[in-house]
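Colleague: Could you pick one part of this model and take me through it slowly? I'd like to hear how the pieces fit together, with the cut-offs spelled out as you go.

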Amino acid sequence: MPLPAFAKTTLFHLLRTGFRLLPLPTAVRDRMRQRFLDRHSELVPAGPRGHVALAIQPEQRPRVIAGGPAIGYRHRQPGDLPNPMPATLVAFYLPQFHPIAENDTWWGAGFTEWKNVARALPQFEGHAQPRIPGELGFYDLRVADVMRQQMQLAREYGIGAFCSYFYWFGGKTLLELPLQQWLNDPTMDLPICLCWANENWSRRWDGRADEILIGQQHSAEDDIAFIAHVARYLADPRYLRVDGKPMLLVYRPGLLPDPKATTERWRDWCRQHGLGEIHLAYVQSFDRVDPREIGFDAAVAFPPNNTTLKPITGRQRLLNPEFRGDVYDWRELVRAISEQPDPDYPLFPCVNPGWDNEPRRSGNGRVFAHASPHAYGNWLWRAIAAARRRTPHFPLVFINAWNEWAEGAILEPDSRLGFAWLEATRTALRKSAEALPTPPTRPCAIIHAWYLEVLEEMVLALRDSGIDWRIIFTTPPTHEQALRNCLRHLGVPEEVYVFENRGRDMLPFLQVADQLLEEGVDVVLKLHTKRSTHRRDGDQWRRELIDKLASPHSAKRILTAFQSNPRLGLVAAEGHLQPLDYYWGANEANVRYLISRLGIAAPSLEVDRFIAGSMFWARLDALRPILDAHLGLWEFEDEAGQLDGTLAHAIERVVALSAKAAGYAIDDTATLGGLLSATGTVKPYPYARRSS
């Protein structure tokens, strides 16, 4: 029976407030809200693209520009590269970072791609816009030294060549200056190849026929004029070659009137003018045919183009209610491409470090969320294997892109993650060549040292455990010297990481965990000098946790369990694995925000649990969903003695959800040896009051 109008109005108000006005348990209110949405979605004002779920926004977090460093930030570091290299990595390169007269006319005086980049705004919570450049700054490619620095950086991290877009329009070139500077300066020794971006330029930034600014003039005469113009690049000894042949790419061969005739004209001209044979490839930006059928030697994959994925826009928490773009899961893009079988024609694989063209399409961008350097590195590693399998004599892997700042496809350092994408590139090369160092085998304990008066107690407990620990300490700057003095007194190696006093013990732990995971560390014990001075039993709480996690009768047993069960992700102290809905109250908004950021399933409040006390054993890979979210350091509140409700408290409640999403089991010291049952009687927790 349809609801009366007054009932609909009342229920809609309850929906928008999350049913918080009803004196019911949180889990019941959540079920009521979702059931109402399922049955009466027509009442909820849909967004411009019909994204109904976006209309029921929870309380939003403060809007802050995402320009500061995040978990996973990497500084520039020297590192070895394999010799020989397992493949040549070719990064697409955009030269549109200097002003030209035509762009001044079309877009305004002084226009470069940086104008688009700087104007971008986040459209939903967790949307990392604008992307701010790091070490190279807002560069101007009229300065030749910029490209020289880019090439030096590329070589340092294993990029073997740039594939620069080339803009030719019936005899007129645009943005050619950086390439001319490369041609005239032999000290720029990184190879390049050219990719003719043979689209029209339009105001839509997509090459379509709407509002054409400058168009192509394809003809037989234009084919000859083009190859004659680029021949000087192809003839340069630094130019990228495949089997000794200069490699030339075409972005959209389907726009050529007769691509086979065009390629024949190019080949004939090169033979007649002393260049010999050339290697022609087309980019699978829109076309996907056997290259040999249209006169080309090979194709180059070009993700995310030519892929069809299901949008996840409806899961996002909008900041801009007028957002008309689409959001996709970058991880699904990686999965879909990685599962494709090898074609029966020559295809060079390509990977990308994310994609987000919101800077070019304000409020209407195509965004691929959840990209991470770690997952990108694994994708690149698989792509290198594919290239070696498909073309063993000249394995090439393309990367989209080196510097597509307005499309969110960037290897260059930025202010958020620094050199993380480049570091992942170098790691993938080393992994492909089996040149990675042997992973450390010593178990690692990470102690956040705030209350130094109890540090000795914790260090002695680890010594008595019978395990040869590597102990890492985190602390704020105000405590560093006192901590080092204490460690010298105890005779403990000073492996100390100093972080701003932010995010309680959780943010420092995540920052160190991210680095350890890249080192190959597998299992860690997370501890902190817990005192909970607001409670009379704070010291008892700490001692109980340490006893159950690090005592001689527990520690070796737990470590053995991790070694024997590769799917064991977390071990909590007995009695400290608590139902999520017991302590939901002040943490609900932050937990739901984190779920969206991590891109994992919403929790079942009656079933899912969290580790209370923030001390536990962890297989670091089980924390990968949290680490790969690359939360900004600025997202963690300033320390003000908060007892609950901060982002750090929310992460405490998400740790087990992360392990579950990553496919790992969660156990405690009482049931160690099997997957912990999600049901059963839960004893009252003596160290925290259950929320209503």
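**A close look at one strand and its surroundings**

Modeller: Let's start with S22 and S26, which are antiparallel and joined by 4 bridges. Two strands count as paired if DSSP finds at least two bridges between them, and the elements themselves are DSSP runs numbered from the N terminus: helices are H or I with at least four residues, strands E with at least two. Bear in mind that this is a predicted model, where local features need pLDDT of at least 70 and side-chain atom pairs need 80 or more, while totals for chains, interfaces and linings use all residues. Residues are numbered from 1 along each chain as its sequence is written, and side-chain values use heavy atoms, without hydrogens or water.

Within that pairing, Val 524 has Ala 618 of S26 as its bridge partner. S23 also joins S26, again antiparallel, through 2 bridges, and there Leu 570 is partnered with Ala 618 as well. Both faces of S26 are covered: Phe 616 and Ala 618 are buried on one side, Trp 617 and Arg 619 on the other. Buried here means under 20% relative accessible area, exposed means over 50%, and partly exposed is in between, with a 1.4 Å probe and protein chains only. That split fits the usual pattern: side chains alternate between the two faces of the sheet in a regular strand.

Now the helix next door. H15 takes in residues 538–550, 13 of them, and spans 18 Å from first C-alpha to last. That is close to the 18 Å expected at 1.5 Å a residue, the expectation being 1.5 Å times one less than the number of residues. Its buried residues are Gly 538, Trp 541, Arg 542, Leu 545, Ile 546, Leu 549 and Ala 550. They sit on the same side of H15, because they cover an arc of only 125 degrees around the axis, taken from the directions from the axis to the C-beta atoms. Among the elements covering them are S22 (523–528), S23 (568–572) and S26 (616–619), along with helices H12 (455–464) and H16 (552–564); contact means heavy atoms within 4.5 Å.

What about charges? The structure holds 51 salt bridges, each being a side-chain nitrogen of Lys or Arg within 4 Å of a carboxyl oxygen of Asp or Glu. One of them pairs Lys 660 with Asp 608, with the closest N and O atoms 2.9 Å apart. Lys 660 belongs to helix H19 and Asp 608 to the loop between H17 and strand S25 (609–611), so this pair ties together parts 52 residues apart in sequence. The two ends differ in setting: Lys 660 is partly exposed at 49%, whereas Asp 608 is buried at 7%. Elsewhere, salt bridges with shared partners make one network of Glu 453, Glu 457, Arg 531, Asp 539, Arg 542 and Arg 543. Arg 542 in that list is also one of the buried residues of H15.

Another pair is Arg 597 with Glu 635, again 2.9 Å between the closest N and O atoms. Arg 597 is in H17 (588–598), while Glu 635 lies in the loop between H18 (624–627) and H19 (647–661), 38 residues away. Both ends are buried: Arg 597 has a relative accessible area of 9% and Glu 635 has 5%.
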